[in-house]
Amino acid sequence: MERERGDSSLFFRGLRSRSHEKMKLRKRKSALYLSPQKSAGRRGDLLGENIYLVLFTIVLRICNCFLVQTSFVPDEYWQSLEVAHHMIFKYPFNYGYLTWEWTERLRGYTYPLIFASIYKILHLLGNDSVQLLIWIPRLVQALLSAIADLRLYSLMKQLENQQVARWVLFCQVCSWFTWYCCTRTLTNTMETVLTTIALFYYPLEGSKSRNSVKYSSLVALAFIIRPTAIIPWIPLLFRHFWQEQRKLDLILHQFLPVGFVTLSWSLIIDRMFFGQWTLVQYNFLKFNVLQNLGTFYGSHPWHWYFSQGFPVVLGTHVPFFIHGCFLAPKKYRILLVTVLWTLLVYSMLSHKEFRFIYPVLPFCMVFCGYSLNHLKTWKKPALSFLFLSNMLLALYTGLVHQRGTLDVMTHIQELCHNSPHKSAASVFVMMPCHSTPFYSHVHKPLPMRFLQCPPDLNGKSQYLDEADIFYLNPLNWLYKEFHNNSTLPTHLIIFSILEEEISAFLNSRNYERTAVFFHTHLPEGRTGSHIYVYERKLKGKLNRR
């Protein structure tokens with residue numbers, strides 16, 4: 001009896017064990033079975049981040065766009081919007097202007113093509129108003145900059161944690177120079193955007209988003225748009241190659257195909273608009289690096305980036321950057337090497353500008369954010385100081401400093417719309433060349449002229465451009481240029497500093513000051529504090545306001 005019981009118990013145990021072996025629970029994919037954090041993250045993600053953070057960043061950059069109403073450098077118009085306007089409106093309406101760089105084929109059409117596409121769509125829709133032509137390209141640039149900000153945040157969240165990532169993003173959005181530049185239609189701005197997004201895919205230690213094809217494609221595109229964009233990437237590319245186990249595969253199956261496709265794309269686009277095969281990247285590097293002809297537009301001592309350029313661009317972030325350099329782990333050493341390398345290479349070129357080192361500014365924010373994360377006692381005062389100091393400078397440079405050259409273009413727009421004799425109106429901008437935008441900010445076939453300043457490309461000794469000759473003796477130049485009253489423009493635009501010197505000409509030709517625009521509190525050289533608009537009156541005496 002006991003044996004039968006034992007056998008039956010063994011039978012039921014075996015049955016239970018078999019049933020347990022065969023039975024497998026089906027994994028549920030419903031959000032009900034996920035943890036609350038993962039479930040919320042999946043429902044509220046955009047670009048891989050919380051949707052509220054993404055929307056906040058985008059809205060911030062849009063506000064940033066509308067709070068920058070000043071001019072910085074001529075290239076933000078003359079190498080982008082003016083070219084795009086010429087591409088779309090030259091042949092149907094026969095107006096527009098290209099600078100000497102385009103006749104010499106030093107610039108490529110890839111970047112202006114972005115804005116030309118926008119202009120074409122607006123034109124086809126019948127909504128190509130001047131305000132849309134001005135603001136939509138800048139809003140597009142603001143959106144791209146917001147994406148770059150978010151990619152920097154995502155990268156730091158992978159490399160460290162969410163807290164460090166937040167401080168890095170805080171430093172990024174607080175940077176006065178980023179605020180000042182990130183919505184402008186500059187090739188440097190696009191270079192910075194592409195560099196930051198490429199860094200997200202670069203194989204840094206601890207990164208979960210590494211992708212050699214994606215990051216190399218973005219670097220190649222940045223190079224196509226602005227060839228000097230390769231400078232910050234030289235140490236990064238070398239590091240990747242050195243650490244890569246399959247070096248030949250990296251070059252043959254990733255770098256070379258990406259380079260071939262992007263370079264072919266650039267060649268085809270430039271062939272369409274230049275009418276001949278042109279390697280603009282070589283022409284650009286030859287002019288600016290090999291021949292160093294950029295010195296025509298100014299030169300600075302070798303230490304300028306270390307003594308002035310870099311500290312000004314970083315602003316009040318400088319102490320946090322230095323502090324962060326000592327605190328950051330060794331894996332960030334490559335970013336610091338990249339910053340120093342870029343400063344050293346650009347220091348070798350005589351012509352220097354703040355915007356040239358803008359692409360490495362997001363790298364610096366990594367160290368600044370690391371510094372803020374480690375502050376304990378002085379964190380709140382440090383945050384307040386960083387925010388207020390940068391925002392005051394950002395608002396001043398964005399709303400006040402050098403705003404006159406844009407305000408005067410608004411006046412010219414109104415001249416086109418309000419003047420009963422607008423067909424007879426003409427404008428001569430007698431300021432340092434390229435001080436103002438041109439047809440992209442007027443969008444009317446109004447005859448306009450400005451003082452030319454192409455560099456010497458033929459090796460002439462003691463070369464002077466038209467603007468230099470004018471400023472040697474403005475009064476004499478005007479009398480010679482306009483010896484016949486029939487050739488006089490109806491409107492002259494000058495800086496206030498020039499008024500007294502040419503007052504005899506203005507009086508003798510019956511020009512009357514009709515508008516005054518504030519430009520800067522810091523006049524320098526040929527640039528005055530205000531801009532004056534003079535209109536020629538056929539009758540009446542000069543009545544200065």
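In this predicted model, Cys 453 counts as buried, at 5% relative accessibility. Its bonding partner is Cys 433: the two form a disulfide, with their sulfur atoms 1.6 Å apart. Cys 433 is buried as well, with a relative accessible area of 17%, a value that falls under the 20% cut-off for a buried residue. The structure holds 1 disulfide, and the pair ties together distant parts of the chain. Cys 433 sits in the loop between strand 3 (427-430) and strand 4, while Cys 453 sits in the loop between strand 4 and helix 21 (466-472), 20 residues apart. The torsion about the S-S bond of Cys 433 and Cys 453 is about 75°, so this disulfide is right-handed.

Other cysteines make a helpful contrast. Cys 65 takes part in no disulfide; the nearest cysteine sulfur belongs to Cys 182 and is 8.7 Å away. Cys 65 is buried, and its relative accessible area is 0%. For Cys 325, the closest cysteine sulfur is that of Cys 364, at 7.7 Å, which is too far for a bond, because a disulfide requires sulfur atoms within 2.5 Å. Cys 325 counts as partly exposed, at 23% relative accessibility.

The loops of the disulfide lead on to a sheet. This open sheet has 5 strands in the order 4-3-5-7-6, and its pairing is mixed. Strand 4 (448-450) and strand 6 (511-518) stand at the edges with a single partner strand each, so one side of each has no neighbour in the sheet. From one strand to the next, the twist averages 20°.

What does the mixed pairing look like, strand by strand? Strand 3 and strand 5 run parallel and are joined by 4 bridges, with Val 427 standing opposite His 491 in strand 5. On the way to strand 7 the sense changes: strand 5 and strand 7 pair in the antiparallel sense over 5 bridges. Here Phe 495 has Ile 531, in strand 7, as its bridge partner. Strand 6 and strand 7 (residues 530-536) are also paired in the antiparallel sense, over 7 bridges. In this pairing, Tyr 511 is matched with Arg 536 of strand 7.

Strand 5 (residues 491-495) deserves a second look. This strand is mostly covered, with 5 of its 5 residues buried. Both of its faces are covered: one side carries His 491, Ile 493 and Phe 495, the other carries Leu 492 and Ile 494, and all are buried. Two of these residues have already appeared in the sheet, His 491 opposite Val 427 and Phe 495 as the partner of Ile 531.

Elsewhere in the chain, Glu 76 offers an example of a residue that meets distant parts of the sequence. Glu 76 lies in helix 4 (residues 75-93). Is Glu 76 buried or exposed? Its relative accessible area is 3%, so Glu 76 is buried. Leaving aside neighbours within four places in sequence, Glu 76 is in contact with Ser 71, Leu 81, Arg 184, Thr 185 and Leu 186. Leu 186 is 110 residues from Glu 76 along the chain, yet the C-alpha atoms of these two residues are separated by 4.5 Å. Glu 76 also has a polar partner: a polar atom of its side chain lies 3.2 Å from the backbone nitrogen of Val 73.

Terms used
Residues numbered from 1 in each chain as written. Predicted model: local features only at pLDDT ≥ 70, side-chain atom pairs only at ≥ 80, totals over all residues. Heavy atoms only, no water. Pairing = 2+ DSSP bridges. Helix = DSSP H or I, 4+ residues; strand = E, 2+ residues; numbered from the N terminus. Axes fitted to C-alpha atoms, helices over the stretch in contact; angles between N-to-C directions. Buried < 20%, exposed > 50% of the residue type's maximum accessible area, 1.4 Å probe, protein only. Contact = heavy atoms within 4.5 Å. Polar contact = N/O pair within 3.5 Å; in protein donor to acceptor, adjacent residues only side chain to side chain.
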